[in-house]
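Hi,

Here is the structure I said I would pass on. Have a look at it first, and then read on for what turned up.

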Amino acid sequence: MPTPLLRTKLFVPRPQAGAVERPRVAELLRRGTTGKLTLVSAQAGFGKTTAMAAWAHEDAAPGSVAWVSLDADDAEAETFWAYAVTALADRVPEVREGVLPLLGRPGPPLTVVLAELVNRLADAPGDVVLVLDDYHLAEGAGVAEGMLFLLDHLPPQVHVVLGTRADPGLPLSRLRARGEVVEVRAADLRFTLSEAAGFLEQAGLELDAEDVAVLEQRTEGWAAALQLAALSLRGRSDTSQFLAHFAGDDRFIVDYLADEVLARQPSHVREFLLRTSVLDRLSGPLCDAVTGQVGGDATLRELERQNLFVVALDSRRQWFRYHHLFADVLRAHLAAAAQGPPPAELHARASAWFEEEGQPVSAVDHALAAGDVVRAAALMERSIPDLLRRRQEAVVAGWIGALPADVVHHRPALAMGFVAALMERNEFASVAVRLDDIDRTITRVDTASPGGGGTPGILVEDPLDLPRLAGRVELYRAALSVVGGDLEETRRHAELAARLAAPDDHPTRAGAWGLSGLAYWRQGDLDGLHRCYSLCVDDLVQAGHVSDVLGCSTTLADVRVAQGRLGEAEATLRKALDLAATADGVVRGTADLHSALGAVALERGDVTEAESQLRRAQQLGDEAGMPQHAYQLRVNMALVRQAHGDLDEALSLLDEAARVYVADFKPDVRPVHATRARALVAAGRLDEARRWAAEHGLDADDAVTYADEYEHVTLAMLLVAELEARPAAPTDVAAVRGLLQRLHDGAQLGGRAGTVLEVDVLQALAALASGDRSAAAGHLRHALNLARPEGLVRVFTQHGVALTRLVRLLPAEQQQVPFVRALATAGAAPQVAAGANPAAGRGLVDPLSSRELEVLRLLATDLTGPELARQLVVSLNTLRTHTRNVYANLGVSGRRAAVTRARELDLLGGRDR
């Protein structure tokens, strides 16, 4: 979230009392809500905000408008969308529950957040209008990209209104061609003669028709010029003479009339206006601090009453801003003023006030505007740790270019904060140079004074920071080495970081162990990974970073699953859950633990327990998970649906998983696309799986590495299925068995018993398909010996009937072993597909499937949408797909109507009787 989140930006400005009605403009804005986008585009002073605010208050559906008043500080995508989503959350509660938490944590790419936003908005019962005023001030690259995504996927009841001085970087021609945009331009906003007359009358001026016509012609209906002219004409007796000399256009008019307005104000008001013009937003206490006077609240209210270009920012009239154009003019006059405090001093006063109020970002901005880079640097250094903890690295990164290099050089802790922000944003280009500079500064400190505190020219806000910097330099060098793929250098720098870290600097040491573990992971050394992550967890526990402990514990469990050690995996996860239970509230990462426990249960063939754990993860929500939780949960849910024989739903969940996947430092050793291909193979859709292999350039003759091991095992599953489906040439059989042997040898060498087991089963199936029954039985016995101690079941049962044929190769006494008998029974069980139920077709054009009947019966309960999804162990998106299909087949448009129609057709059965 922005720091702090300024609720004042989310307030719909109130139209001025007695404002002139402008039905032409109101009608255009009304028409805009029939399409996706209303573009209100004109230069400053044409009354864009006033027109949109009047429409929002007088014509829009009550409670439908979500308003954001933007400024240049909102050009970062994270800040922009935080405001937009917060405004929408005030109108659509589902947005608050499902989308706001995603913005308060790192990881999800913008498209994931916006996709969830669109999904939540789609459930809004009525119209929703997002108004983004002064959009031109905030349209950075990330903002434009997100806005395009939002418009492309906007639900029909949601509309966007952009108020801007310049056309946005959107495909307006495409929107025009589709009839999806209504444009309100300067020509539409210009006051007509009658509107100008009404405006001047409301301003208390009695002008004859000729004078009104002159003024309307000279201003060309420009609202700001009319307003300034009205202020200048008050009390004049020479109206016609004034108008005769009134000439010029745009800024020249504004400058001239502003001079007139300022000249006619009492000296104390003029002084107040000039001094407070340095502020982007105004409150009484802030104005008092800046002007050195008292009575700021009363002055602001009087300015508003006199319509002196003051806009209220909240309903309580505590915060205001000047009209942007008027503020520009005031600042120009302030800069030219010969008397009074200079602008730099006024900015310094504002900075001190914001610091006192605990608003460091504004304090820094005003310190920079005052030219006091030393004070700005000190404020930055003090505030950066908290900003980074709250995921505000974009703010920190935005400060980097604001300070001279020598100021940063003499503040190594500040320089390290900048490095941290850049690393969090994946902006690595300058990091190595910055680390070298910090290193040289640290060396100079150590040489000059062992304590570091008295080194001339070196400044630190917290003396304890200096001893910690050496370890952090090596930590970030290790991270850079990970990015560059130099795993040896990663380990070397990580070991140095751990050695140099202060005794109580557990976060640095934990980071070092974690990066060392990543290096081992990328090489396929799971034992090394497990050892390093275990040490990382120890330091994280000491540091009190419970959430990070949970994240690392999930990885440790994944390692043990890959090694075929399910008991240790479950013990690790339950220990982490016990730790999470000692903390206040739900700790981030708890949802990942339940999802991982579901995965363990799946490997044991316990689908009921898997569903129970996944429901718990869904109940906790994505906000209780790490960045990759959303995708991993959907993968596990897909495996549950696959176990039930519901391929379509499994594929839908996997497609969702791919969309919400979040890349991080960890290697993607089980890509979603390969899991999807496995589902296709298991369903016998070999042509589709073959296309997948071709798209990814996979071949049986490939050299195999740990990085692509999962994909090559998937390819092997496809090749074995093709051997079973049709006779193959001896060379093809040899190629398949050669690939399997290479995979087996690599996994054996790396201690990845889970992969060894999987390949053993495939080797048995390949041998059976090629008629080598003896080899098939040998591979199967080896697989059973690996699987039985840990109760690994899914690796066998996913092969269905082929498993039954394998088991028959064993001697009779081995077939009667309980573990083997259970596998044979599971393999022989038919896969239950989500086919049509004949009883569900009475009175319907298209029969409902078994799954849709289940959804329909649950719709007749009191369960909410999220509760329904959890009960079915599907995502909300998948549930919406099912409900849309049910509604379409029943010929209804909502839940209540669907239940009524279902009762008429007797589709609910005993559950609803």
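Before the strands, one definition: two strands count as paired if DSSP finds at least two bridges between them. With that in hand, β1 and β5 qualify, as 5 bridges join them and they run parallel. One of the matched positions is S41, whose bridge partner in β5 is R185. Do keep in mind that this is a predicted model.

The other partner I looked at for β1 is β4. Strand β1 covers residues 37-41 and β4 covers residues 158-164; 5 bridges join them, and these two run parallel as well. Going along β1, L37 stands opposite V160 in β4, and L39 stands opposite L162 in β4.

Now for the sheet as a whole. It is an open sheet of 5 strands with parallel pairing, in the order β2-β3-β4-β1-β5. Which strands stand at the edges? They are β2 (65-69) and β5 (181-185); each has a single partner strand, so one side of each is left without a neighbour in the sheet. On average, neighbouring strands are turned by 15° against each other, if direction is ignored. Helix α7 (residues 141-152) packs on this sheet and touches β1, β3 (128-133) and β4. The direction of α7 makes about 145° with that of β4.

Back to β1: is it buried or exposed? 5 of its 5 residues are buried, so the strand is largely enclosed by the rest of the structure. In a regular strand the side chains alternate between the two faces of the sheet. In β1 both faces are covered, with L37, L39 and S41 buried on one side and T38 and V40 buried on the other.

One more spot, elsewhere in the chain. R641 is found in helix α34 (residues 629-643). Its relative accessible area is 6%, and the cut-off for buried is under 20%, so R641 counts as buried. What is R641 in contact with, leaving aside its neighbours within four places in sequence? The list is E611, D646, E649, A650, L653, R851, L872, V873 and V874. Of these contacts, L653 is 12 residues from R641 along the chain, and the C-alpha atoms of the two are separated by 9.0 Å.

Cheers

Notes: Residues numbered from 1 in each chain as written. Predicted model: local features only at pLDDT ≥ 70, side-chain atom pairs only at ≥ 80, totals over all residues. Heavy atoms only, no water. Helix = DSSP H or I, 4+ residues; strand = E, 2+ residues; numbered from the N terminus. Axes fitted to C-alpha atoms, helices over the stretch in contact; angles between N-to-C directions. Contact = heavy atoms within 4.5 Å. Buried < 20%, exposed > 50% of the residue type's maximum accessible area, 1.4 Å probe, protein only.
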